[in-house]
Amino acid sequence: MNVSLDKQYLPSERYKRHAAYLAVLAVVIIGLCSYFKFEPLLFISDFHYMADLVVEMTPPNFEVLWRKEKIFASILQTLSMAFLGTLAGGAVAMGLAFLAARNTTPHPAVGAVIRTLLAIERVIPSLVILLLFLIAVGLGPFAGMLSLAVGTIGMFGKLFANAIEGAEKEPIDAVHSVGASKLQVIRYAVIPQVLPSFIANLFYAFDINLRAAIGLGVFGGAGVGYEISMAMRLVRYRDALALICFTILLVFAVEKLSDWLRSRALGQDLLK
Amino acid sequence: MGANTARLLSFQILARMIDVRQITKSTKEGVPILKGISFTVTKGEFVGILGPSGAGKTLTMRCLNGLTRPTSGEVLFTDHEHNLVNLTHARGRELRKARRQIGVIFQGFNLVKRLSAIDNVMIGQLGRINLLRSLVYGFTDDEARQALAVLEHLNVAHLAHRPVGSLSGGEQQRVAIARAIYQQPAVMLADEPIANLDPTNARKIMQILTPLAKEMPIIGVFHQPDLVMEFCTRIIALKEGVVVRDGDSKMTRSELVDLYGAELSEIEASQRILQPA
Amino acid sequence: MGANTARLLSFQILARMIDVRQITKSTKEGVPILKGISFTVTKGEFVGILGPSGAGKTLTMRCLNGLTRPTSGEVLFTDHEHNLVNLTHARGRELRKARRQIGVIFQGFNLVKRLSAIDNVMIGQLGRINLLRSLVYGFTDDEARQALAVLEHLNVAHLAHRPVGSLSGGEQQRVAIARAIYQQPAVMLADEPIANLDPTNARKIMQILTPLAKEMPIIGVFHQPDLVMEFCTRIIALKEGVVVRDGDSKMTRSELVDLYGAELSEIEASQRILQPA
Amino acid sequence: GRSEEQSDGNPKKLRFGLLVAQETEQTYERLDVLTNYFTKQLGREVEFLQITTPSAMIEAMRAKKIEVAGGTGAFTYLVASKAIGAEAIATTTAADGNVRYYKSCLITNPNSGLKSMEDVVKNAGKITMSWAYPTSTSGHLVPRYYLQKRGIKPEDFKEVFTSTDHTATLFSVTSGRVDVAAIMYATLDRFLKIGKVKPGSVRVIWESEPIAPGPVFVRKDLDPALKKQIQQAYTNVAKADPNAMEALQAQFTYSMSYIPATDSLYASLRQMANQIEGLTLEEE
Amino acid sequence: MKQDTPWTYSGYRRRQTLRIWTIALVIGFCAYWAGVSCKVDVDALRTGLPKGIDFLGYLFPPDWTAFADMAMPALETILLAFLATIFGAFLSLFFGLAAASNIAPRWLRNLSRFLLATERSLPEIVILLLLISALGLGPFPGVIAMAFGCIGMLGRLFSDAIEEINPATLESIESVGARRWQVITYGVLPQVLPSLLANTIFRFEVNIRLSVLLGAVGAGGIGFQLYYSFQTLQYQRATTAILITLLLVFVSERLSDYVRKKLTLDARL
Ligand SMILES: Nc1ncnc2c1ncn2[C@@H]1O[C@H](COP(=O)(O)OP(=O)(O)OP(=O)(O)O)[C@@H](O)[C@H]1O
Ligand SMILES: Nc1ncnc2c1ncn2[C@@H]1O[C@H](COP(=O)(O)OP(=O)(O)OP(=O)(O)O)[C@@H](O)[C@H]1O
Ligand SMILES: [Mg+2]
Ligand SMILES: [Mg+2]
């Protein structure tokens, strides 16, 4: 045999190298942990406090759900807020994502500018955005919806762009090679590929916005958010937990819907 | 130089639809892969490119379409309207316009797996149809009928609405060929267009390509010297990034042995297995 | 029935390493694709499967490896230790154990594009090595050397460290073959293993496979009747999901015409292009 | 482990949980100065932890992870005393005896045409109203009790909102998006002082009686002597260490001082809370 | 068979168009009623926006003197966010694998998707309270809470990425008789590595921005500084905190770009 493996590619060498990286990482982590005085043993020695709290929080007091008759109306409003916020924010985010992603941007400079804007948008605290809209349109679900939309743009603009950049190159090459314009390449080679992840991300955005909207429900004065926040502050954990269970149900339902739509878009090609 | 000579010269230049001038290509690390390739292709030619695996055939094809930019050298392309485009430098609109006239069949097919076969074929016309329509509406019935006719011609019309990802290898290959034909280009580049096809289908494809080549030059990469010699009008042989032969469609035995190595002689033995009836 | 007969019978069963019994497969919509395929493969055979594009060759191969579960019928596999495994029903551990002994070369290569060629080859041994080691340690130097030797044998040792995605079509194909060989299976399934290779390399692969077939039966799908007739010990012809011929490695002209259609006769003409020196 | 050494009534190390909230001006700055001061006064190690959520503070105290809590509003103290029996030991007051500062008020936008409480009572059905946030003492509890006494329930308004904090409340009034809002006087005062709100752009239509500001409170199982010591450390700070006093004073718009506090100081607030639906500290 | 109704492109297009219009109409209908229930008022937005933007004026100019106070919290935030991201990403990887349909059996997938959804809908404060009662206040519970917060997001993003892997490649590894874990190490991880890292670094950025969570358990950080400045109405000080966060976010974005460039396989010359 006249070809032999370079030393650096020998599995044992590779292993040593990886072990070294891991060791450095471990040292850094352990160093940081001890610098910040982590005490994992507390999990054992003080576990009873946690157990006490869990006991105090359970069982959820589902009575609250029907005691407050306005809750179901407020859920509708919460859902509306989240839905519109996702729709508006998601649409803008999607458009910007195509401008930001490196493989679809009309010009690298445009991409860089959009990415920068998205980053700036993300760091503006949601409190500031909320205040801005509170002042502009007053308290109420509309302000909440607007701030959700803006929040969605920053975060999902980036996630959508990540998805676009992950699209396979070959079909894109092929569509380019028939002389299609950038928009056509996007429409015929990129979108079919990223559709499943777009759907998943859109529902994920809805899911995040739903929770945020529940938080913003404080506005309404009688919504789930208001009740959860009241219950938590009054140390009525059982009531809070009942409402939280309800939220979990809602979020899980959204998740299932997303799954179903996405599996249709993913399409199973191979006969199993 | 008289006006006549000038016209003649320009005619000669125009007849050269693809003019590859000393292109080289190296990897980022500087390993040369194409080491100065030159040839010209004129109207009416059906060029077969032969060469061992890894010779740089696919890379050359990519340069001819502007998907890869050569490290040095240039590729000139004369389109239907006799505009000369330098594919090595062209960008944006100009490149798009040129590509519209260059059909490509890729080695790995490069189809959009989640679209149906017919949609993949119609993608071939994207460069020609109105942008707005292509974005919002898609294609017309007429276009679909034409695309279907091409698929029909290639025996895969019954698969038109299946997502391409679920087709068999040979079926995908034929869809890729259909896309390039449907594109109605001025030049066609075909990278191993019949590799995944059975002998009859392969032959049929060659029979379809041959008359097409009269209209638009076809440059094809093949691994079947026999078919190339039968159908092509010219054979270019590539080895290790260099053109080792460029000439008519009859390669001599020694040329073939030069290209593929001495083991080739064994191939001969297998060539008369099918005894006449 | 005496003990002897029983032993003899069981021996016959054991010699049949792959026993395909009346498998059918339909799509979800109920369109039949395989329409009852049966054959058995015993030790020492090099079976060539021929058939037009879309005949169901790839699908049959997938059934032989348990990747696709037939709608009806079953596939029995006798492994090295003479255990009989019903691939149609096997699951989990049992299926894994059986698959370890079935090497597959896929039509589209299906390599892990981001791993290097040698890593892809070593994946072939995953079924055999200790789970923990394969997770944390990876492979041993010895294994790497063996994998390199296989690559060397296939002329692609110099590409060992390149990510597979950057290799040319034929190079990828050879890496896929290397993986199957390195796996040291009891049976090898090869789906168009030489489609993307030039004649010399293709021939070389066939020459490598032939002696291997003495040890482990090889079932290969090919589109080159000439090579199949030269190297294989048996030819199975598939057409529209049905076995239309199963017999020795000499196919007559009429058989070929039956299989590929009447256009085949033209192929003959192209078969004597290489004149003897 | 660590918890045993802390669980007796006389821990070696005292941990102060400090809530950062708008509700009181008791936000602590220059923690190093304060750490010094309290270490010296209490004769043991002291740690300051700044927290942003009231329930976190209550649970930390319940699990014996902090001994002293400060910076909360009165309402949070009421909850803590109910849930874990926390004891108030000190609170703030204006040093000059002026009680103008910690109280609640109702404000309107001058353009709304509402000039007095009478207008509000009369036109309740046409008015939008906003509380500061649900558990605010000055921005919800006190004004709501007052309105209740005047015979107006939240349902009587055209619409009632709950804002996220005093700032948002103030700005929704100045921008004219809400007609009437309840707010802590100190917040308004602060904005007027720094000039971010112009005097003409809000009108105060009602001011409450002075409210007991949120106390410093301690865990109930601490040694009584230690509780006393902590109390004294607070009440003596102005005399004992002007530097520390300055740090404690940082966010007040007026000069304040610490005075001893007992639970009785909060009895009236507790009563108010118990009479308001949704805020009661009793089991419903 | 359905051969009797011949397939036509216009029919196919009609069906497609019908489907798209149906979806659009349903969404439009929902959006309309959602708009009614949210009291959407575009006019109010148009007239009010200038006032809102006026308010942003309060944030300027930044109070640079606060910079010194914030350098240390910023550094601590980075370190804590780093730890939390590593722990969180590590945990999420397992959740992500368990929640991917092409890797995990159905029951496991449903279970872990449910757990992920639960984690995402559980208000942070509940988790914080549990952690505080066991671990007390300080950076330790902060990091654990932050790591826990990663799981809902990263677990989901990871599993989505894994589900989009080309199934043929996974099959080819299964076909050598590899165990599930081996398929994961050799087939799944190398392929999703770029998106794994991109999402992890993105979560690192989110953690920096969410460091107000650390404030909730008394661990300080730049997020706490921001919160503190807002609560004490020192808007210009808040701007400084925002700008520092922005800087950190940019750095992590650059890092992400760099890593991605290293990992993207530029297979084609
Ligand atoms: N990104 C890359 N980095 C390094 N080398 C590369 C890269 N891409 C291609 N090559 C090498 O360039 C050579 C030519 O590749 P090309 O794909 O053109 O071969 P080919 O002639 O088409 O072969 P085949 O018949 O196998 O398809 C191959 O040896 C390949 O390994
Ligand atoms: N998921 C699917 N749904 C419907 N039909 C399918 C699906 N997968 C494969 N087929 C069809 O089954 C037939 C057989 O496919 P297979 O891949 O086995 O062909 P093949 O004989 O390998 O052909 P080739 O030589 O072109 O590779 C093809 O016509 C194909 O279109
Ligand atoms: Mg090639
Ligand atoms: Mg096949």
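## A ligand site and a sheet

Q: What makes the approach of ligand 1 to B:H223 a polar contact?
A: An oxygen atom of ligand 1 is 3.3 Å from an N or O atom in the side chain of B:H223. A polar contact is a pair of N or O atoms within 3.5 Å, so this pair qualifies. The model is predicted: local features need pLDDT of at least 70, side-chain atom pairs count only at pLDDT 80 or more, totals for chains, interfaces and linings use all residues, and side-chain values use heavy atoms, leaving out hydrogens and water. Residues are numbered from 1 along each chain as its sequence is written, with chains lettered from A and ligands numbered from 1 in the order in which they are written.

Q: What distances do B:Q107 and C:E171 show?
A: An oxygen atom of ligand 1 is 2.9 Å from a side-chain N or O atom of B:Q107, and a polar side-chain atom of C:E171 lies 2.7 Å from a ligand oxygen. Taken alone, ligand 1 exposes 640 Å² (Shrake-Rupley, 1.4 Å probe), and the protein buries 92% of that.

Q: Why is the site called shared?
A: Residues from chains B, C and E surround ligand 1, so several chains contribute. Counting residues with a heavy atom within 4 Å, there are 21 around the ligand, and B:K57 and C:R162 are among those that come nearest.

Q: What makes strand 4 and strand 5 of chain B a pair?
A: Pairing takes at least two DSSP bridges; these strands (DSSP E runs of at least two residues) have three, in the antiparallel sense, so they pair. B:T78 bridges to B:L84.

Definitions and conventions:
Helix = DSSP H or I, 4+ residues; strand = E, 2+ residues; numbered from the N terminus. Polar contact = N/O pair within 3.5 Å; in protein donor to acceptor, adjacent residues only side chain to side chain.
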